[in-house]
Amino acid sequence: MVDPIKVYPAKPSKVYFYGTCLVDMFYPDAGMAGIQLLEREGIEVIYPEDQTCCGQPAYTSGYHDEARAVAKAQLGLFPEDWPIVVPSGSCGGMMRKHYPALFKDTAEEVKAAEIAGRIWELTDFLLQVCHIKLDDLGEPTTVAMHTSCTARREMGVAEVGPKLLGQLKNVNLVEQERAAECCGFGGTFAVRHPEISGAMVSEKVDTLVNAGAKEFVTTDCGCLMNIDGYAEKNQKPVTGQHILSFLWERTNGDGGKRS
Amino acid sequence: MTETAQQSPHHIDVKEFHPRARAAIHNPQIRQNFRKAMDGLMSKRKSAFEGWDLETLRDLGANIRLRALAHLPDLLEQLEQKLTENGITVHWASDGDEACKIVRDICLARNAKTVIKGKSMVSEEMELNHYLEEQGIEALESDLGEYIVQLAEETPSHIIMPAIHKNTEEISQLLHDKTGTDLSHDVEYLTASARLQLREKFMNADVGVSGVNFAVAETGTLCLVENEGNGRMTTTVPPCHIAVTGIEKVVPKLEDVTALLALLTRSATGQHITTYFNMISGPRKANELDGPEEVHVVLVDNGRSTIYQDDELLDTLRCIRCGACMNHCPVYTRVGGHAYGTTYPGPIGKILMPHMVGLDEGRHLPTASSLCGACGEVCPVKIPIPDLLVRLRQESVDGDKLHPAKVRGHGAKRSNMEAMIWKGWSWMHARPGIYRMGTRLGARFRKLQPGKLGGWTQYRTAPKLAAKTLHERIKERSQ
């Protein structure tokens, strides 16, 4: 599904930051954390103000004209040839993998393909392009990683999260059973098929708890909302965070609110 | 035999997916049976491919199937010619009913009263058993799983393991009730008793009906993959053998079979090779001691040539029916095969069945997926199943009546209300100023956010809007 070989760029002086709508509205801390991690690596972060949403919700629901109108409004945001980093495998996958198909045979075809080639999932970018070295300042904790299905299968970053967490000396990384299985989010799927989605997320939370994780971190806000929301409603002893928030809080030196 | 007549899928309303899925989810036995079986199958597949360059092999498999499909009309002509040269009679059926009639006519011409069947999903598509019963011809399944499903008057819940929804106890009880075997948890005993009953049927059957895994055009060979030996018995013991197959099963050359077979058995059951691999190339010859006097092939279209006309949907026809997509599907694992109400369940069913039952009847099939991509990741011939699901979703809600696409029931799921919501959503998100104002207002009035959000909050707390959007945080920071 994903390009068999990824050619990472050399570390640039500037990047575009595409925050995504879920981060914008629900998890701005994760967005700020991503920006601060990049800046600490010496990269200037450009946040195009006119960004809204990648168009994925309409696209996966089958409303392709509506998705294209929204996606088209994003295409003009990245005039320079800097990499575009996205704190989400899902939105990253939409822009990298699906934009070329969405704009096929339209006036924007070439532009969409060019932009698609510059899209990077942010943790992948930190590890493979910035070669980030993390110095853990947090308290000891036990954590499980949930890599989203799109991060895993569309962006090919399944190894990245565990490698980053592995750099944190006070973090005991545990792996939940069936780690690669979907948490049941799937966008409108969770609303159209609530029982199936509910069954999936309940098992996901059980495996996290059974693995002994006190917290879980994830690449995507959809999964976070789903898994954390289930754990909260059902009072399960595990809480979640976006991996970027977690990495920033443990390494930024001001103690972090959760460490 | 009327008590073992198979329930006709005609009685199943495909649209009623939700109640069936709900019932399965709340049935701990079903949940446990599927979870356990799928976990086992996933782990077997994984170990079977250890030491293989799986991606290269999948590329090879995909290319073989793509090449075969690219030349499908020519290959079918070649296949017909070679099969005929080999003494096999070729029949063409445009749909399931026509295919059933062909089988019936062959049976009538031989005055056949009993049919023994090897496993065939195309015969399930045709609802052949049901049809033959109505014609006064007994049709008995000889694959153990199919036999169990037939005794239980059910339909297969998995394309490779039809009775996977039942555990040993349930099967023991069923065999006891229907055939009088002793109750036992000893799988070998149960298998042996079923075998004993079937053996007699093989000897007396007038006709054997089987499926086909690969039909080789250059040699006119029908390949049949199986584990129980019932396929070999079905195709060699009765005096007449009828193979039924979809028109997409043809491959150009014998050498194409090797890669596909290596992929099929490992993907399906995690086996390096099956116990039996049959290559059927004609009826018994004058100097041979066994084999059928007559061999027929029924090439069934049943919607396939319509799928074939669309460059994207065409990929659906690559399928070699291994079942790996369902084994790895988190939705299938939760709801089981019967919830779908279709001949083919799981991911492949979701992209294939809408062409057979239409997007009206099959309206819930393309949406019953989180698009997690596990199916596409394991598919041995790299069918982009998630992309095809999105395409079918688009077909279901598309309002373009002037240029209706090729899928039956195009636009059947479109609701004006939903279309309006997406139009509004699109309008707002294509206008950055409006979007920023809207999200800022949302953040400001977040306390007014509803605590209940339909199906979402049935299982989870509502997502919480942040006090300030990322847009605002960044703006403040730069000031």
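# Buried, exposed, in contact: a conversation

Reader: Which residues have the most contacts inside the largest nonpolar core, and how many residues does that core have?

Author: The largest nonpolar core has 208 residues, and B:Val103, B:Val115 and B:Val298 are those with the most contacts inside it. Please keep in mind that this is a predicted model.

Reader: What makes this set of residues a nonpolar core?

Author: Its members have to be buried residues of the listed kinds, Val among them, joined through C-beta atoms within 7 Å. B:Val298 shows such links well: leaving aside neighbours within four places in sequence, B:Val298 is in contact with B:His91, B:Ala93, B:Ala99, B:Ile102, B:Val103, B:Ile242 and B:Val244. B:His91 is in that contact list, but His is not one of the kinds that a nonpolar core admits.

Reader: Why is B:Ile247 called buried?

Author: A residue needs 20 or more other C-beta atoms within 10 Å to be buried. B:Ile247 has 22, so the residue is buried. B:Ile247 sits in the loop between β7 (240–246) and β8 (250–251) of chain B.

Reader: Which residues is B:Ile247 in contact with, beyond four places in sequence?

Author: They are B:Leu76, B:Leu299, B:Val300, B:Asp301 and B:Arg304. With B:Leu76, the separation in sequence is 171 residues, while the C-alpha atoms are 7.5 Å apart in space.

Reader: Now that last value puzzles me. How do you know that B:Ile247 and B:Leu76 are in contact, if the cut-off is 7 Å?

Author: Fair point! The cut-off of 7 Å applies to C-beta atoms placed from the backbone, whereas the 7.5 Å runs from C-alpha to C-alpha. The two values refer to different atoms, so the C-alpha distance does not decide the contact.

Reader: What makes B:Arg460 buried, given that Arg counts as charged?

Author: Burial is a count of C-beta atoms, with 20 or more needed within 10 Å. B:Arg460 has 25, so this residue is buried. B:Arg460 lies in the loop between α21 and α22 of chain B. Apart from neighbours within four places in sequence, B:Arg460 is in contact with A:Asn226, A:Gly229, A:Tyr230 and A:Lys233.

Reader: Those partners carry the letter A. How many residues does each chain bring to the contact between chains A and B?

Author: Chain B brings 49 residues and chain A brings 51. On the side of chain B, the elements supplying at least two residues are α1 (17–25), α15 (330–335), α17 (374–378), α18 (385–397), α19 (416–429), α20 (432–444), α21 (454–459) and α22 (470–478). By class, that side of chain B has 23 nonpolar, 17 polar and nine charged residues.

Reader: Why is B:Asn111 called exposed, while A:Arg178 is called partly exposed?

Author: Exposed means 12 or fewer C-beta neighbours within 10 Å, and partly exposed lies between that and buried. B:Asn111 has 7, so it counts as exposed. A:Arg178 has 15, and therefore falls in the range between.

Reader: What makes the backbone of these two residues worth a look?

Author: Phi is positive in both: about 50 degrees for A:Arg178 and near 55 degrees for B:Asn111. Neither residue is a glycine. Most residues other than glycine have a negative phi, which is why such values catch the eye. A:Arg178 lies in the loop between β6 (171–174) and α10 (189–192) of chain A, and B:Asn111 in the loop between α5 (96–109) and β2 (114–117) of chain B.

Reader: How do you know whether chain A agrees with a compact globule?

Author: For 259 residues, such a globule would have a radius of gyration near 18 Å; chain A has 18 Å, so the two agree. Its C-alpha trace spans about 50 × 45 × 35 Å along the principal axes, and 56% of its residues count as buried.

Reader: Where does the domain assignment divide chain A?

Author: Chain A is divided into domain 1 (14–128) and domain 2 (134–251). Their C-alpha centres are 22 Å apart, and 26 residues of domain 1 are in contact with 23 residues of domain 2.

Reader: Finally, how confident is the predictor in chain B?

Author: The average pLDDT of chain B is 94, and 97% of its residues score at least 70. Residues 1–8 of chain B are below 50, and this stretch has 18 contacts in the model beyond near neighbours in sequence. For the model, ipTM is 0.96 and pTM is 0.96.

How values were computed
Residues numbered from 1 in each chain as written. Chains lettered and ligands numbered in written order. Predicted model: local features only at pLDDT ≥ 70, side-chain atom pairs only at ≥ 80, totals over all residues. Contact = placed C-beta atoms within 7 Å. Helix = DSSP H or I, 4+ residues; strand = E, 2+ residues; numbered from the N terminus. Nonpolar A, V, L, I, M, F, W, Y, C, P; charged D, E, K, R; others polar. Rg over C-alpha atoms; globule rule 2.2 N^0.38 Å. pLDDT = per-residue confidence, 0-100. Domains from an automatic or database assignment.
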